[in-house]
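Me: I should be grateful for a close look at a single part of the structure shown below. Please describe that part together with its surroundings, in one connected account.

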Amino acid sequence: ELAAAANAPITDGALADGTLVPLLANLGTPSEAAQAVELGAEGVGLFRTELMFLDATTAPTVEEQTAEYTEMLKHFPGKKVVVRALDAGADKPLSFMDMGEEANPALGQRGLRSLRVNENILRDQLTALVNAQNATDADLWVMAPMVSDAEETDYFVSLGRELGLNTVGVMAEVPSLAVLADQVAERSDFVSIGSNDLTQYTLAADRMLGTLAKFQDPWHPAVLRLVKMIGAAGAAAGKPVGVCGEAAADPQLAVVLVGLGVTSLSMTPQALADVRAELKTVTLEQATVRAEAAINATTGPTAREAAANAS
Ligand code: PEP
Ligand code: MG
């Protein structure tokens with residue numbers, strides 16, 4: 001029986017009522033792509049491009065980047081691949097994008113903020129992504145990290161379109177973006193929630209500090225309510241809303257996220273099977289009931305309990 005289960009064909013992510021919820025992989029290099037496909041990834045929901053360049057002492061050329069992105073996209077013909085623009089800065093230093101020393105790197109020059117003051121690096125990366133888009137059959141989506149409002153959304157989306165990208169979006173990792181999600185969803189082709197940073201900034205607790213680890217809980221109803229606001233804004237504007245933080249890899253929380261209006265989930269490939277199995281056990285209506293129970297709890301742990309007891 002175990003062997004049969006292991007050999008069963010991997011189906012698309014879906015709820016018990018047939019509602020499709022694409023299940024995607026978080027990847028750092030093209031070398032991880034083949035295994036992700038074996039584990040059932042229906043595409044890529046987060047390609048963390050900075051991981052390829054952590055050791056680089058000079059900025060990678062357009063040609064070098066084109067080769068890497070093309071290699072990644074070739075693993076996913078006809079499938080969605082969401083690439084994140086370099087997420088570097090004081091928190092994740094790259095030697096060719098020196099941001100200097102900061103006392104509070106999590107609140108500093110990072111994500112889109114550092115790309116904007118290094119626009120040549122951003123333009124080179126987007127140009128390489130356009131080359132890869134045009135050289136393969138994958139459905140390339142490109143998004144910016146650490147976007148905080150409509151003005152930054154306009155900046156990134158218009159630059160991406162001007163350079164020739166087909167689908168351009170933003171990550172929701174800063175609470176201000178969630179508060180303004182209606183304005184952002186109008187301007188962006190999609191929104192992808194980075195629940196790790198969204199949790200850190202909502203609870204104002206550095207995600208790297210072990211002493212504050214209990215605050216890094218995406219079940220916290222404050223985080224869930226922001227997710228609901230983003231989901232509602234996406235639905236109103238007709239734009240997809242994904243989650244690509246660790247939250248998507250927790251099967252019980254994955255159900256709640258879908259109940260809050262999230263339309264796709266991206267995670268470490270090892271988590272795909274468990275999330276796929278859990279989603280199959282609930283209808284969208286049941287997921288919504290669990291989500292409502294969770295957002296009405298007062299703490300992360302009680303939100304988890306409330307969701308479990310709701311159906
Ligand atoms: C996140 O913040 O949830 C995210 C996906 O980005 P990273 O973990 O790379 O900051
Ligand atoms: Mg992040």
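Reply: Two strands are said to pair if DSSP finds at least two bridges between them. The model is a predicted one, and the part chosen here is strand 1, residues 23-27.

On one side, strand 1 pairs with strand 8 (residues 264-267) in the parallel sense, over three bridges. Within this pairing, Ala-25 stands opposite Met-267 of strand 8. Strand 1 also pairs with strand 2, again in the parallel sense and over three bridges. Here the bridge partner of Asn-26 is Leu-46 in strand 2. As to burial, a residue counts as buried if 20 or more other C-beta atoms lie within 10 Å of its own. Five of the five residues of strand 1 meet that description, so the strand is largely enclosed by the rest of the structure. For the protein chain of 311 residues, the buried share is 51%.

These pairings belong to a wider arrangement. Eight strands form a closed barrel in the order 1-2-3-4-5-6-7-8, with parallel pairing. From one strand to the next, the twist averages 25°. Beyond strand 2, the barrel continues to strand 3 (residues 80-84), which pairs with strand 2 in the parallel sense over four bridges. Phe-47 has Val-83 of strand 3 as its bridge partner. In a regular strand, side chains alternate between the two faces of the sheet.

Strand 2 leads from strand 1 to the ligand. Leu-46, the bridge partner of Asn-26, is one of the residues around ligand 1, which also include Arg-48, Asp-87 and Glu-173. Strand 2 (43-48) and helix 9 (195-202) each supply at least two residues of this shell, and helix 9 provides the largest share, three residues. Ser-195, Asn-196 and Asp-197 are likewise among the residues around the ligand. By class, the shell comprises two nonpolar, four polar and four charged residues.

Elsewhere around the barrel, helix 10 (residues 221-237) lies across strand 5 (167-172), strand 6 (191-193) and strand 7 (241-243), and runs at about 165° to strand 6.

The protein chain as a whole has 14 helices and eight strands. Its C-alpha atoms fill a box of roughly 55 × 45 × 35 Å along the principal axes. Its radius of gyration is 19 Å, which agrees with the value near 19 Å for a compact globule of 311 residues. Of the contacts with a separation of 6 or more, 66% join residues 24 or more positions apart.

Technical notes: Residues are numbered from 1 along each chain as its sequence is written. Chains are lettered from A and ligands numbered from 1 in the order in which they are written. This is a predicted model: local features need pLDDT of at least 70, side-chain atom pairs count only at pLDDT 80 or more; totals for chains, interfaces and linings use all residues. A residue is near a molecule or strand if its C-beta atom, placed from the backbone, lies within 6 Å of it. Ala, Val, Leu, Ile, Met, Phe, Trp, Tyr, Cys and Pro count as nonpolar, Asp, Glu, Lys and Arg as charged, and the others, Gly among them, as polar. The radius of gyration is taken over C-alpha atoms; the globule rule is 2.2 Å times the number of residues to the power 0.38. A residue is buried if 20 or more other C-beta atoms lie within 10 Å of its own, exposed if 12 or fewer, and partly exposed in between; C-beta atoms are placed from the backbone. Two residues are in contact if their C-beta atoms, placed from the backbone, lie within 7 Å. Axes are lines fitted to C-alpha atoms, for helices over the stretch in contact, and angles run from 0 to 180 degrees between N-to-C directions.
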